[in-house]
Amino acid sequence: MSSFRHIGKHPNVLQLEACKTLKQIKQIHTQMLINGLFKDPKMLGQFVSSIALKQPNYIDYSIQVLQHWKRPSLVALNSLMRAHCLISEPCRSFYFYNRIVNSDHNLRPDKYTFTFLIKTCSQLFVEKTSLAVYGCVLKYGFDVDPYVRSSLVSMFAELGLLGFSKKIFLEMFEPDFVTQTAMVSAGAKLGDLVFARELFDRMPTRDLATWNAMMAGYAECGKAREVFDLFRLMQFAGVKVNEASVVLFLSACTQLGALDHGRWAHDYIEECRLRMGVALGSALVDMYAKCGDVDKAMEVFWSLKEKNVYTWTSAMGGLAMNGFGNECLELFAHMKHEGVEPNEVTFVSLLKGCSVVGLVEEGQRYFELMRKVYGLQPSIEHYGCMVDLYSRAGRLDEAFSFINSMPIKPHVDAWGALLNACKIYKNKELGELAFKKIRELKGNDHGTYLLLSNIYAETKNWSRVENVRRAMNAREVSQVTKVRCCSVIEVNGEVHGFFGGDKSHPRQAEIEEKMAEMSQRLKLAGYVANNNPVLFDIEEEEKENTACEHSEKVAIAFGLISLNEGAPIRIVKNLRVCSDCHVVTKLISKMFDREIIVRDRNRLHHFKDGECSCNGCW
DNA sequence: TTAGGGTTAG
């Protein structure tokens, strides 16, 4: 008998945990009833918590069982709260919390109750309730429990309340490494990377989750190089990486357009036989697509055994970014056929797909579909896509009336899309209006002034160009909001960044020599640099050195001198490609017989044989 | 018999 107690769980409970179907669970339940096991009230608690823990998808059955039980135990109710967090139905866990606090048999919430209740609040993203729960924690005195504190640190991080997380953490006497990891994650994700890194460096014990938390913070804040460094350090420290680490490594590759690093990660996944789950698969598809290798992205996509809405949306977004709008729409049809439910993000990708190939009517249809058929409320992002759709297609009046009919206040990007289109389609009146609206929303933004100036220049309205220029100088616009242009290129597994006007690269002399050759050959080909001093572009005011100054041109020159003959040049740029660079890159692709792939803020441009895949509309 | 930290798409 004593040995039986040591085994812990009753054999029927063990059987219960191994069940695959509801039918099997019911059979075991019946057997337990026949065996009279439920005469012991603890056994009913064990039944409920076992299902909650091991079979959360069949939680409703254990709730049915619970209904016949007048006095459920605290453990059973706690377990049910946990189960509902597990199956992402956190709302229902409040019901069990209420049963505990309003019970007629003197139940009192314990530290377990609060960890589950805190988890519930994290999932529901409810600030007021979370603060109320924190109040209850203090009232019941569970703020001394390390598990409860640890959960609170995470909950406040989830809500974006870093101050609360820090306060709770710093008040702890000796936080253990799990709580420290939660704090590293909170600090890093909410932008306090210095605090997070200091804590990370000071930690006497770290495990895989700690490393991943720090890397996730860097990835979230766009610090891709730091992700690479940490990944290397991690391997150097002998920590075995897992799927999450590689997902983060891949997201860094995607940010930088570092295809070689990404390919290495792909080989590494296969070598280490990491499980290709939905997160890893989606990250891989996203990486290949955003690095400009759509064929490989789709090859990986179709080879994946597990796909979810993230995977499909990544592939659709990748196709759209690379200009394959029709293929994006086809993939959406395929996804529906597979029974995968689209979400808001899927529709962003879909509308972008319509936009890149000018499918205005289809876009309108999908925009309606998302509301009427899928019950999804369009966000500012979808409205922005619609404005972009009309604008790119040259239907500026429709874009304008669409903005005016929006039920939510149009944001800067919506007006920005219209302003950009006004430049392409040389519409001065609407351009002025869009400019005015952007100024109201954003203040004196450098790029916006440049676009307006360009619209005047395109319509040969030189006096107005001068006015804009004067206004810019008077208001010191360029000093405040000018974003420094940067282009990144990966060569032999090393990532090189070039800033506009920066001449600090160790191979600067060779780069300049190649750029001189580029200029020479461009001239011979009949290209005249766009030296019009009044025509600005998005990144530089000074046009004298247009053909040489912009960062992507420097990156292209570097690519030409350092990559193998015939290897494609892949560049990622933080701003949009200006029209002059676009012309130059087309010519270079032909003259040097090189495929050049440039990812700008908006999309990918595949330059080959003097043509670009965007067909001049971006 | 129930606890806390780390992963993907805009």
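These are my notes on a predicted model of chain A with DNA strand B.

**Entry 1. Overall layout**

I began with chain A as a whole. The secondary structure of chain A comes to 34 helices and six strands. I looked up the extent of the C-alpha trace, and along its principal axes it spans about 95 × 55 × 50 Å. Chain A has 618 residues, and 52% of them count as buried.

**Entry 2. Surroundings of DNA strand B**

Next I turned to the nucleic acid. I found 51 residues around DNA strand B. The closest of them are Asp176, Lys189, Asp207, Lys290 and Lys352.

Which helix gives the largest share of the surface near DNA strand B? I noted helix 12, residues 177-189, which supplies seven residues.

I then sorted the surface near DNA strand B by residue class. I have 20 nonpolar, 19 polar and twelve charged residues written down.

I also looked from the side of the DNA. Among the atoms of DNA strand B within 4 Å of the protein, 39% are sugar or phosphate atoms, and the rest belong to bases.

**Entry 3. Single polar contacts to DNA strand B**

I looked up three side chains here. For Lys119, an N or O atom of the side chain is 3.2 Å from a phosphate oxygen of DNA strand B. For Thr210, a polar side-chain atom lies 3.2 Å from a base nitrogen of DNA strand B. For Asn343, I found an N or O atom of the side chain 2.7 Å from a base nitrogen of DNA strand B.

**Entry 4. Annotated repeats**

I checked the record for annotations. UniProt, in an unreviewed entry, places the feature "repeat: PPR" at residues 207-241 and 308-342.

I then looked at how the model builds these two spans. Residues 207-241 are 74% helix and 0% strand, and the end C-alpha atoms of the span lie 10 Å apart. For residues 308-342 I noted 74% helix and 0% strand as well, with the end C-alpha atoms 10 Å apart. Asp207, where one of the annotated spans begins, is also on my list of closest residues to DNA strand B.

**Entry 5. Three loop residues**

I looked at Phe125 for its backbone angle. Phe125 is not a glycine, yet it has a positive phi of about 60°. Phe125 lies in the loop between helix 8 (111-124) and helix 9 (127-140). Phe125 counts as exposed because its relative accessibility is 53%, where the cut-off for exposed is over 50%.

Lys426 has a positive phi too, about 55°, and is not a glycine either. I placed Lys426 in the loop between helix 26 (412-424) and helix 27 (428-442). Is Lys426 exposed or partly exposed? At 46% relative accessibility, Lys426 counts as partly exposed.

I placed Gly292 in the loop between helix 18 (278-290) and helix 19 (294-303). The relative accessibility of Gly292 is 9%, so Gly292 counts as buried; the cut-off for buried is under 20%. I also took one distance: Gly292 and Ala393 are 101 residues apart in sequence, and their C-alpha atoms are 24 Å apart in space.

**Entry 6. Strand 3 and its partners**

I moved on to the strands. Strand 3 covers residues 569-573, and five of its five residues are buried. Ile569, Ile571 and Lys573 point one way from strand 3, while Arg570 and Val572 point the other way.

Strand 1 (residues 486-491) pairs with strand 3 in the antiparallel sense over three bridges. There I found Val572 in strand 3 as the bridge partner of Val488.

Strand 3 runs parallel to strand 4 and is joined to it by four bridges. I noted two facing pairs: Arg570 stands opposite Ile597, and Ile571 stands opposite Val598. I followed the chain between these strands, and strand 3, helix 34 (residues 579-591) and strand 4 make a right-handed β-α-β unit.

**Entry 7. Strand 4 and strand 5**

Are the faces of strand 4 (residues 596-599) covered or uncovered? I found both covered: Ile596 and Val598 on one side are buried, and so are Ile597 and Arg599 on the other.

Strand 4 pairs with strand 5 (residues 604-608) in the antiparallel sense, over four bridges. A hairpin of four residues joins strand 4 to strand 5. My last note is on Val598: its bridge partner in strand 5 is His605, and in strand 3 Ile571 stands opposite it.

Terms used:
Residues are numbered from 1 along each chain as its sequence is written. Chains are lettered from A and ligands numbered from 1 in the order in which they are written. This is a predicted model: local features need pLDDT of at least 70, side-chain atom pairs count only at pLDDT 80 or more; totals for chains, interfaces and linings use all residues. Side-chain values use heavy atoms; hydrogens and water are left out. Buried means under 20% relative accessible area, exposed over 50%, partly exposed in between (1.4 Å probe, protein chains only). Two strands pair if DSSP finds at least two bridges between them. A crossover is right-handed if, with the strands pointing away from the viewer, the path from the first strand over the helix to the second runs clockwise. A residue is near a molecule or strand if one of its heavy atoms lies within 4 Å of it. A polar contact is a pair of N or O atoms within 3.5 Å; within protein, one must be able to donate a hydrogen and the other to accept it, and residues adjacent in sequence count only if both atoms are side-chain atoms. Ala, Val, Leu, Ile, Met, Phe, Trp, Tyr, Cys and Pro count as nonpolar, Asp, Glu, Lys and Arg as charged, and the others, Gly among them, as polar. UniProt positions are given in the numbering used here, feature names are shortened, and annotations may be inferred rather than shown by experiment.
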